[in-house]
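Open your viewer and get ready to select a few residues at a time. This tour goes from stop to stop and says what to look for at each.

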Amino acid sequence: QVQLVESGGGLVQAGGSLRLSCVASGRTSSDYGMGWFRQARGREREFVAAVSWNGGSTYHAGSVKGRFTVSRDNAKSTVYLQMNSLDTEDTAVYYCASGGTVHQANEVNAAGFYAYWGQGTQVTVSS
């Protein structure tokens with residue numbers, strides 16, 4: 001089993017920055033790809049970014065590409081999402097997700113790729 005705990009959310013002015021952290025615990029969490037999703041009020045959960053198990057490959061949704069950067073530090077069992085140039089449309093609950101031994105989907109931007117989810121951290125961007 002993998003347990004994920006997000007932190008770092010909060011209230012920030014448009015144009016500002018935040019860094020989210022996701023601490024993973026479990027026997028093999030560092031063996032899995034990790035992703036970030038977000039869900040705005042009244043909207044479906046959407047893919048934000050993902051990073052491969054060794055941090056060598058990253059993927060970012062078009063809506064955040066160039067502004068957000070995903071990374072991981074396996075020594076600390078932590079995945080990060082650095083968010084710059086935040087916009088009000090980035091307001092959402094951000095969820096950390098971990099892959100597992102079985103995937104329901106093959107693409108890292110699909111929720112079915114991931115087996116474990118954190119409880120989320122709120123990010124609010126004011127205009």
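A residue is called buried when its relative accessible area is under 20%, exposed when it is over 50%, and partly exposed in between, with a 1.4 Å probe and protein chains only. What you have loaded is a predicted model, in which local features need pLDDT of at least 70 and side-chain atom pairs count only at pLDDT 80 or more, while totals for chains, interfaces and linings use all residues. Residues are numbered from 1 along each chain as its sequence is written, and side-chain values use heavy atoms, leaving out hydrogens and water.

**Stop 1: the disulfide**

Select Cys 22 and Cys 96, and show their side chains. Their sulfur atoms are 2.1 Å apart and form a disulfide, a term that asks for a pair of cysteine sulfur atoms within 2.5 Å. By that rule the count is one disulfide. Now colour by secondary structure: Cys 22 sits in strand β3 (residues 18-26) and Cys 96 in strand β9, so that distant parts of the chain, 74 residues apart, are linked by the pair. Strands here are DSSP runs of E with at least two residues, helices are runs of H or I with at least four, and both are numbered from the N terminus.

Is this pair buried or exposed? Cys 22 has 0% relative accessibility and counts as buried, and Cys 96, at 0%, counts as buried too. Look along the S-S bond next: its torsion is about -80°, so the disulfide is left-handed.

**Stop 2: Arg 67**

Move on to Arg 67, in the loop between β6 (58-60) and β7. Arg 67 is buried, because its relative accessible area is 19%. Which side chain does the side chain of Arg 67 meet in a polar contact? Turn on Asp 90, and you will find a distance of 2.7 Å between the two side chains. A polar contact is a pair of N or O atoms within 3.5 Å; within protein, one must be able to donate a hydrogen and the other to accept it, and residues adjacent in sequence count only if both atoms are side-chain atoms. Add Ser 63 as well: its backbone oxygen lies 2.9 Å from a polar atom of the Arg 67 side chain.

To see the surroundings, select Gln 82, Met 83, Asn 84, Ser 85, Leu 86, Asp 87 and Asp 90, which Arg 67 touches when residues up to four places away in sequence are not counted. Contact here means heavy atoms within 4.5 Å. Of these neighbours, Leu 86 is 19 residues from Arg 67 in sequence, with 7.7 Å between their C-alpha atoms.

**Stop 3: Arg 72**

Follow the chain to Arg 72 in strand β7 (residues 68-73). Arg 72 is buried, because its relative accessible area is 15%. Show Tyr 32 and Asn 74 beside it. The Arg 72 side chain reaches the backbone oxygen of Tyr 32 at 2.7 Å, and it makes a polar contact of 2.8 Å with the side chain of Asn 74.

**Stop 4: two serines with positive phi**

Most residues other than glycine have a negative phi. Select Ser 77, in the loop between β7 and β8 (78-83), where phi is positive at about 55°. Ser 77 is partly exposed, with a relative accessible area of 29%. Then go to Ser 85, in the loop between β8 and β9. Phi of Ser 85 is positive as well, near 50°, and this residue is partly exposed at 44%.

**Stop 5: Ala 111**

Ala 111 is in the loop between β9 and β10 (114-117), and at 41% relative accessibility it counts as partly exposed. Show Phe 37 and Trp 117, which Ala 111 touches, leaving aside residues up to four places away in sequence. For a longer view, draw a line to Arg 41: Ala 111 and Arg 41 are 70 residues apart in sequence and 18 Å apart from C-alpha to C-alpha.
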